[in-house]
Each structure stands twice: as structure tokens, then as C-alpha cells.
Amino acid sequence: MGCGVSKSNQFHKHSRKAIRAAVLIQRWYRQYVARTEMRRRYTWHIFQSIEYSGEQAQIKLYNFLGYLMDNFTPSSTERNLISHIFRENDVCWDSEWERYFCYKNIEVPEVYSGPHLTFPLTVEQAVGLLEAFRNKKQLHSRYVLELLLETWKLLRMLPNINRISTCHSKEITICGDLHGQLEDLLLIFYKNGTPSLEKPYVFNGDFVDRGKDSIEILLILFSFMLVYPCDVYLNRGNHEDHIINLRYGFTKEVLTKYKIHGKRILKLLQKIFSWLPLATIIDQKVLVLHGGISDTTDLSVLTKVNRHNYVSALRPPKRRVHSSAAMSIDIDMDDDLWSTSKIYQRQASLTYPKPLGPRECFHNRSLQDFSTRIKANMENELENSKKREVILAAALHRSQQDILSVSTDSVSSDNVKDEWRQILDLLWSDPMNQDGCMPNEVRGGGCYWGPDVTEDFLNRHNMQLIIRSHECKQEGYEFCHNRKVLTLFSASNYYDVGSNRGAYVKLGPDLVPYMVQYQASSMTRELTARQSVGRTERSALKVLREQLFAHKSDLLCAFKKFDTKNTGLVSLIDWASAVESVMHLNLPWRMLRCQLVTCKMSDGMIDYYDWFNELAIKGPNTDHIDQSLLETLYRHRSTLETIFRIVDTDNSGFISMEDFRQTWKLLSVYLKMEITDEDISTLAETIDSNHDGSIDIDEFMEAFRLTDKKSRLERGRSMFMGTTSDLTKLEGDPNV
């Protein structure tokens, strides 16, 4: 019996040790999970903040260029540089458009080994095209134009809002953003099957940009839509817009892959994008749209709009004048060229800019930043206006002789702008947790809407669910607003390998969403959770270092407020406070110090001059270039490249020295800063190594890269890198 007691005591002793060990392991594991979650969250926040700031910068730039169009005379150099991007529906005979897009004179060489298409398309040809793109083959430009023309004809027959039913099939599959990532689309078709009569699909916009296979994705989706017009539905996204494509890679991708006929392909795609339906309704209960809604969204209005007038959703459409001779003329709603009084309104607006209202005009709010910078010689304006009146009068006289009857759309400017705001909200908006509706100043377009707006909208339209895309989610999807709004994102590994899953949703007759998640890259299956977080974190920190160096001047001023004795040293707390006051990213800066500041600290103080030397670019010799100009280049690199692409009207990839100077002049007005001709010339001479008098845009942008290797965010995400090779292995960072 005594022996039994002894054994019992020994058992309890060992059990207490085991419990203590288990508690220690549990505590360690919870700390590990918490640290990993913190790293995951701030990595995600870095990527998302930089992505949205890029979209905001593009909208501001487009508003600025639109302002120049409205306030400079047609003969001005600045206006001539940018006017071509606003010619959304050029004055052109319909027969001339047909000849322009004609593919019959394009010969397919015998050595061409890609797929051949005949129309009407068959399902075998669509599947064959899919397999050809899987094997990295390219479709000939003749077939591309023919396929796009057939798609254009079909889209013009479709309504603004498609209405489909689950009763004709078991399930409907809905996909979110693909963003040029062909591997995700191939994986979806592998897991779920290709579109068919028994397997209908809805693709919810943002097919292009940022990835390297945008044109292939479009051609695959268009081919299946032509084969199954009642079973494949495409909604328009905010990236189906030629202005957005200028910044995010699709324009460059098409011009690189189709050097001879790329310009025609892009023009035809412009028209196709404008004809894409705006939304899809399933069983009268589920609304599928790309961005979201606002407190003014009205489906009855959206059903009636002329969606093809909104070639770019970033600017109100033009008033179209139709003639009996099958000719169309477009007129700016804000700049009626047929009224001579508008000439003087143009002139007056240079001195007295129009005030910007709160809600109805918030999309143009950024114009206040630079409107005071625009100066013009009033005498030259009047002289040019008189010349313009003579030209317009002569043109009108000829038009009256050639055209017997002209009818103008009887739609008021106010109605058109209301329609435009609804479409902009539909493509650009995001949900928020709190009630209400407010401008989406993070993206620069659309709005944030709350649960109360969702509830009111669904009640008014007798619906139960909104499915939208537009936002990358780590799990590929996310419910909000009491599970009445579902965000769906189908581009996995969007920011970097392992950063997020992709997802698609299947809806049956019960309309209960069934989610399917995936990751397209095989590399993610080889990484542990810790390795995956670490890899994504390293990529995000490289992008963050670039942003910090680009704000060097502002950071120096912030540091000197704490360093009153000008020692060049600040404490860790002051360093974190100064960085946050400039960057406004709401990051745990003290926690990030080990990754961002690798120089030695003395007595807990940071030498911020050494830190900037550590962040500095190791590239071309830039010592002789004005440092403020260099910092401007780094900070506004994407905006500068966008202007370069706009100025490069022939899409050659080269611009003249004069155009290079004019680009910097535009940028200086936009940024409200003085850039001297001498500084610009010095910068140009640094890049023009062969002294041929022209600038290679790609060479220029590559020469002033801050990071040694392109991050996935930059490579095809924000700076025209859509056609570069796939992932390169990131260098290990011993500090992570």
C-alpha cells in the first residue's frame, strides 16, 4: 500500500512537470503566432498602401491633364502633347473605322506555328487557344483583330446589366480580379472545368494590368463568350480603361507583343472595354458588380445609360452629335466647342478657377492643388480664340453643306454627370464598417459605403447579396455588412508569392455561396508558413525602403525638429515618430527598426545621415544631378513614366530631347515646383549615352531604380513592367 502511494506521488510530480511544460509551449506558440500575425499585417498594409497611392496618383494626373485640356488653347505646346489621350471617340466615318480595324490585308506567314482561327468559333478552337497560351504560344495579329471585331459586335447587342438564372444549370461560377495572371485562370478551369452549357461563368472585371498575360486572358474569355454567348458573362472593371492601362502595364504589353498592329489592337480594345456590361443579376436576388455601390446608386438609371460613351470612367463623357451621313462628332460636356461664348469662359477660368463642391465634385478635388500654377498670356489667348472662331465658322459652313440633318442627344449635362458618378461609384467603390457614404480619398475615385447603404439598396431592389471584387483579400474572399457583401479576388500571389490566396464562388439555386480557394504557384507548396511570411515581408520592406528614400527631404526636416542641437542623432522613439509623421502608414516603426536600420546605434541613438546613406541607390553616377530633382524622380517615378508614355504618341519607346524637356515641364506644373532647363539637360545627357538625341524610356526608368531587384509589386504592378520574366528569387535578408 505504501508502495502504491509512492507511485501516485511520483505520477502527480511528473504530471505537474508535464503541465508546466505544456503551458510554456502554449505561451511560446501564442507569442510566435502573434508575432507572425503582426508581420503579416504590416506587410499587407505596406503593399496595399502603395497600391492605392498609385491609383490615386493616376487619377490626380488624369484630372490635371484634363485641366490643361480645358484651360490651354489648342495651339499650345502643352495641350498638343496630351490631347491625343482625350480623343476617345474621334470624328470618323463608320466605314473608316471598319477599314482601320480591317484584318484581311494582314498575311499569316507559313512559319507561323500558333493557333489558327475560323469564324464562327467552335468550342474546339476555344480550347485549342487555351492550350496554345498554356504552352506560351502567341496568337497572330490577324486573328487577334478578327476575334476582337467579333467580340465588339456581340457586346453591342448586350444590355448594360445581364440577367441570368440558376434554374437552367446546377451552378454558376463567379470569378474576381485576374489582373493578367494566366496561371490563375488555367487553375480555375482545371479545378472547375471550362465554360460550357452546363457550367456558366461570370467574370467580374479587372482582367488586365499588372500581370504579364493580360492580352491572353482577354482572348480566352472573348473566345468562350463567342462560343457560349448565353453562358459566359463579363463585367467591366476599373482597369478596363485605357487611361489606367497607361500606368499599369497593359498598354506596354500589347505594344511589345504586337509591334506592328499593336496600336490598332489597343484602339479596338478601347471600344470593347466601353461596351462591356456594367453588372450581372442572378435570379433577381444577387448583384454581381466590380467595385460597389453608393447612396445614390440606382439600377434603373444604370440600365438606361449609354455605357459606350464612357470610354474612360475617370472623366465625364462627351456629347455626341449624330449625322445622317453615318458620321459621329464628340463634344466635351464641359467645353462646348460649338458655342463661341465658351471661348471667353475658358479665358476667364484661367484667372478665376471654378470652385469645387464637396460630394458631387470630389473626384476632381486634386485640381485645387495645381490650378493656381497655370498661367497664360491673355492677349495670346484672345488672338488664338479669334483664329479658332474663324476655323470653326468655316468648318460649320462646310458641315451644313455636306450634312443635311444633324440630331443632338437630348440629355442635359446634369443628367450625364449624375450617370457618370454612378458608373464611377460602380467601378471604384469599397465597403467600410461604419454607416454612411463618403468619398474614397485613398483610391482617389468612387466612395466608401457602409452597412446601412447596403441594407437600403438591397431592400429597394428586393435583393439579398452583393458580390464584388476590386480588393485583394488574403484568403481570396471576405464577407462584410452582415454577410450581405462578398468581396471576391481571383489573382493569387498578387503582391508576392505566398501573399494571398485566390478564390472563386459557386452559386446554386439556393444562392448560398460555396467558396473555392487556391494558390497557383507551386513554390508556395514548398514553403512553410514562416518562410512564406518572411519572403513576402522581405519584398514589402524593399518597396518600403524605396518609399523612405524618396521622401528624404521631408524626413530630414522631421528629424531636425527632434534634433534641436543638430547632432545628426535621434532616439528610437523620436525616429519612429518622425517617420510616421511623414509616411502616414500607421506601421509599427519601432518593431521595424531592426529591418530598416542596420547601421550601428550609439547609446540607443540613430544616426539618420548614415541611415540615408544606407538607403541610397547604388546605380548610375548621380552626383552631378541636382539632388532635389533626383528625389522628385524617385518619388514620382510612375507618374513621370506615365507622362512619357503619353508623350510617346507613336509608341516607339523613344522620345526626343524636346519632348523630354516638355515632359518635365508638365511634371513641374503638376508638382508645383521649379525645375530649371539646366537640371533637365544634365539629367538627359546622363541617360543619352550614345548621344543620338533621343531618350529610351525603358532605359531611363531602369537606370533610376532604387532597389537592386524588382519586387513583384513593381514588376508588372505599378511601373509598366507587365512583360518582364516571372518571379526571380529574392535575396535573403539576415535581419528578418
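**Figure 1. Strands β4 and β5 run parallel and are joined by 3 bridges.** In this predicted model, local features need pLDDT of at least 70 and side-chain atom pairs count only at pLDDT 80 or more, while totals for chains, interfaces and linings use all residues. Residues are numbered from 1 along each chain as its sequence is written, and side-chain values use heavy atoms, with hydrogens and water left out. Strand β4 covers residues 201–203, and its Val202 stands opposite Tyr233 of β5. Helices (H or I, at least four residues) and strands (E, at least two) are DSSP runs, numbered from the N terminus. Two strands count as paired if DSSP finds at least two bridges between them.

**Figure 2. An open sheet of 5 strands follows the order β5-β4-β3-β17-β18.** The pairing in this sheet is mixed. Which strands stand at the edges? They are β5 (232–234) and β18 (514–518), each with a single partner strand, so one side of each is left without a neighbour in the sheet. From one strand to the next, the twist averages 20°. Angles here run from 0 to 180 degrees between N-to-C directions, with axes taken as lines fitted to C-alpha atoms, for helices over the stretch in contact.

**Figure 3. Helices α6 and α7 both meet strands of this sheet.** Helix α6 (residues 182–192) packs on the sheet and touches β3 (172–175), β4, β17 (502–507) and β18. The direction of α6 makes about 125° with that of β18. Helix α7 (residues 214–227) lies across β4 and β5, and runs at about 130° to β5. Contact means heavy atoms within 4.5 Å.

**Figure 4. Take a closer look at Ser223, a residue of helix α7.** Is Ser223 buried or exposed? With a relative accessible area of 1%, Ser223 is buried. The cut-offs are under 20% relative accessible area for buried and over 50% for exposed, with partly exposed in between (1.4 Å probe, protein chains only). Leaving aside neighbours within four places in sequence, Ser223 is in contact with Leu121, Ala126, Leu129 and Leu147.

**Figure 5. Strands β17 and β18 form an antiparallel hairpin.** The two strands are joined by 5 bridges, and 6 residues lie between them. In this hairpin, Leu511 takes a positive phi near 60°. Tyr504 stands opposite Val516 in β18.

**Figure 6. Tyr504 and Tyr518 are one of the aromatic pairs, and the pair is tilted.** A search of the whole structure finds 21 aromatic pairs. The centres of the Tyr504 and Tyr518 rings are 6.1 Å apart, with 35° between the planes. Rings of Phe, Tyr and Trp (its six-membered ring) pair if their centres lie within 6.5 Å; planes under 30 degrees apart count as stacked, over 60 as edge-to-face and the rest as tilted. Tyr504 belongs to strand β17 and Tyr518 to strand β18, 14 residues apart. Both tyrosines are buried.

**Figure 7. Phe559 and Trp611 make an edge-to-face pair.** Their ring centres are 6.1 Å apart and their planes stand at 70°, so the pair is edge-to-face. Phe559 lies in helix α17 (residues 552–562) and Trp611 in helix α20 (residues 608–615), so the pair ties together parts that are 52 residues apart in sequence. Both Phe559 and Trp611 are buried. Ring pairs link these two residues with Trp575, Tyr608, Tyr609 and Phe612 into a cluster.

**Figure 8. Two arginines sit over aromatic rings.** Arg156 lies over the face of Trp152, at 4.8 Å from the ring centre. The charged end of Arg483 is placed over the ring of Phe479, 3.9 Å from its centre. A charge sits over a ring if NZ of Lys or CZ of Arg is within 6 Å of the ring centre and within 35 degrees of the ring normal.

**Figure 9. Leu426 is a buried residue of helix α14.** The helix spans residues 413–428, and Leu426 counts as buried at 1% relative accessibility. Which residues does Leu426 touch, not counting those up to four places away in sequence? They are Leu278, Leu289, His290, Gly291, Gly292 and Leu302. Leu426 and Arg468 are 42 residues apart in sequence, with their C-alpha atoms 9.7 Å apart in space.
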